[in-house]
Amino acid sequence: MTAEATSLLPRLVQGTAVALVALSLAGCAGQQKKELTTGSIPTLSKPVQSMNATELSQAAESIGQAYERNPKDREAGLNYANLLRMTGRNEQALAVMQQVAINHPSDREVLGAYGKAQAAAGQLEQALATISRAQTPDRPDWKLKSAEGAVLDQLGRSSEARLRYREALDLRPNEPSVLSNLGMSYLLTKDLKTAETYLKSAADQPGADSSVRQNLALAVGLQGRFQEAEAIARQELTAEQAEANVAYLRSMLSQQGAWKQLAKADDGNTN
């Protein structure tokens, strides 16, 4: 979901503070950083998952040049659009993916990425239609199921969204990114205890990345357990990343209005 300022803000949340939290169209927040495909793209100096915002912007420029040289290159287009989304340039990412989809109209991966770009740019109904078109009954894809759920949550259709997440989990049991999305879906409807249960399960799975734990930190913090939330937010990060995430967590939790109401919604459990 608006993953929604993805890379320019600390990786704690991916969207606007109140409405979308940290649901991810790709699965989990950090998974976007693992989506670069192989092919005719420039060699990067380091893995994208360890890049800061400046390095991601430079990588986007480098891969963008490769794309401009050959706009029909599928891999270059997918990678360029993904990096653009990671650096908050959602409208530009959508334009790139629209062109890639024109050149590869039957490619499921392309259609899925196009749907994610549409959602990141706020075109939710169009995104839902595109992602649904990419899915095929004979070969269901758990990533597309999860992405569809994220869009449905953005549309306020939480029951349908959770059905899609559970369908994704049937295909990919205990997948941390899907469990995280399911947990954040409950957070959006103010069921903080259920949200924490799913997010803790997600964080406990092998392969869970930092973004899953940041979502858990948010759910814990919204219940008033601030020290515990900060301890979770600092796990497995560099000192710089940890401080950035904790600062953003504090900023989120100190806001009045909707976040304050969320914190009160959990049966007064704010010890």
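**Helices 6 and 8**

Select helix 6 and helix 8 (residues 176-188) in this predicted model. Their axes lie 10 Å apart, and the helices pack at an angle of about 15 degrees. Because angles under 35 degrees count as roughly parallel, helix 6 and helix 8 are classed as roughly parallel to each other. The crossing of this pair is left-handed. To display the contact, show W142, S146, A150 and D153 on the side of helix 6, then S177, V178, N181, S185 and L188 on the side of helix 8.

**Salt bridges between helices 6 and 7**

Keep helix 6 (residues 142-154) in view and add helix 7 (residues 158-171). Side chains of opposite charge can pair when their charged atoms come close. Which residue forms a salt bridge with K145? The partner is E167, and the closest N and O atoms of the two are 3.1 Å apart. This pair links distant parts of the chain, with K145 in helix 6 and E167 in helix 7, 22 residues apart. Is K145 buried or exposed? K145 is buried, because its relative accessible area is 15%, which is under the 20% limit. E167, by contrast, is partly exposed, with a relative accessible area of 24%.

Next, select E148 and R164, which form another salt bridge, their closest N and O atoms being 3.3 Å apart. E148 lies in helix 6 and R164 in helix 7, so this pair ties together parts that are 16 residues apart in sequence. Both partners fall in the buried class: E148 has a relative accessibility of 10%, and R164 has a relative accessible area of 18%.

With R164 and E167 still selected, look at the two side chains together. They meet in a salt bridge with an N to O distance of 3.7 Å. Both residues lie in helix 7, three residues apart, which is about one turn of the helix. R164 therefore pairs with E148 as well as with E167, while E167 also pairs with K145. In total, the structure holds 14 salt bridges.

**Helices 4 and 5**

Move to helix 4 (residues 108-120) and helix 5 (residues 124-134). At what angle do helix 4 and helix 5 pack? The angle is about 165 degrees, and the axes are 8 Å apart. That makes helix 4 roughly antiparallel to helix 5, and the crossing of the two is left-handed. In helix 4 the contact is made by R108, L111, G112, Y114, G115, K116, Q118 and A119. Opposite them, in helix 5, stand L124, Q126, A127, T130, I131, R133 and A134.

Now center the view on E109, which is placed in helix 4. Its relative accessible area is 39%, so E109 is partly exposed. Measure from its C-alpha atom to that of A134: the separation is 7.6 Å, although the two residues are 25 residues apart along the chain. Then add R74, E75 and D107 to the selection, since these residues and E109 are linked in a network of salt bridges.

**Helices 10 and 12**

Select helix 10 (residues 210-221) and helix 12 (residues 239-254). Their axes are 10 Å apart, and the packing angle is about 35 degrees. Helix 10 passes helix 12 in a right-handed crossing. The residues in contact are Q214, A217, L218 and G221 of helix 10, together with N245, L249, M252 and L253 of helix 12.

**The nonpolar cores**

L218 and L249 from this contact lead to the next selection. Which residues have the most contacts inside the largest nonpolar core? They are V151, Y165, V178, L187, L216, L218 and L249, in a core of 43 residues. V178 was also among the contact residues of helix 8. A second, separate core of 24 residues includes A93, L94, A101 and Y114. Y114 belongs as well to the contact that helix 4 makes with helix 5.

**The whole chain**

Finally, display the full model, colored by secondary structure. The protein has 13 helices and zero strands. Of its 271 residues, 55% count as buried.

Methods:
Residues are numbered from 1 along each chain as its sequence is written. This is a predicted model: local features need pLDDT of at least 70, side-chain atom pairs count only at pLDDT 80 or more; totals for chains, interfaces and linings use all residues. Side-chain values use heavy atoms; hydrogens and water are left out. A nonpolar core is a set of buried Ala, Val, Leu, Ile, Met, Phe, Trp, Tyr and Cys residues joined through side-chain atoms within 4.5 Å. Buried means under 20% relative accessible area, exposed over 50%, partly exposed in between (1.4 Å probe, protein chains only). Helices (H or I, at least four residues) and strands (E, at least two) are DSSP runs, numbered from the N terminus. A salt bridge is a side-chain nitrogen of Lys or Arg within 4 Å of a carboxyl oxygen of Asp or Glu. Axes are lines fitted to C-alpha atoms, for helices over the stretch in contact, and angles run from 0 to 180 degrees between N-to-C directions. Angles under 35 degrees count as roughly parallel, over 145 as roughly antiparallel, 65 to 115 as roughly perpendicular and the rest as oblique. A crossing is left-handed if the near helix is turned anticlockwise from the far one by less than a right angle, and right-handed if clockwise. Contact means heavy atoms within 4.5 Å.
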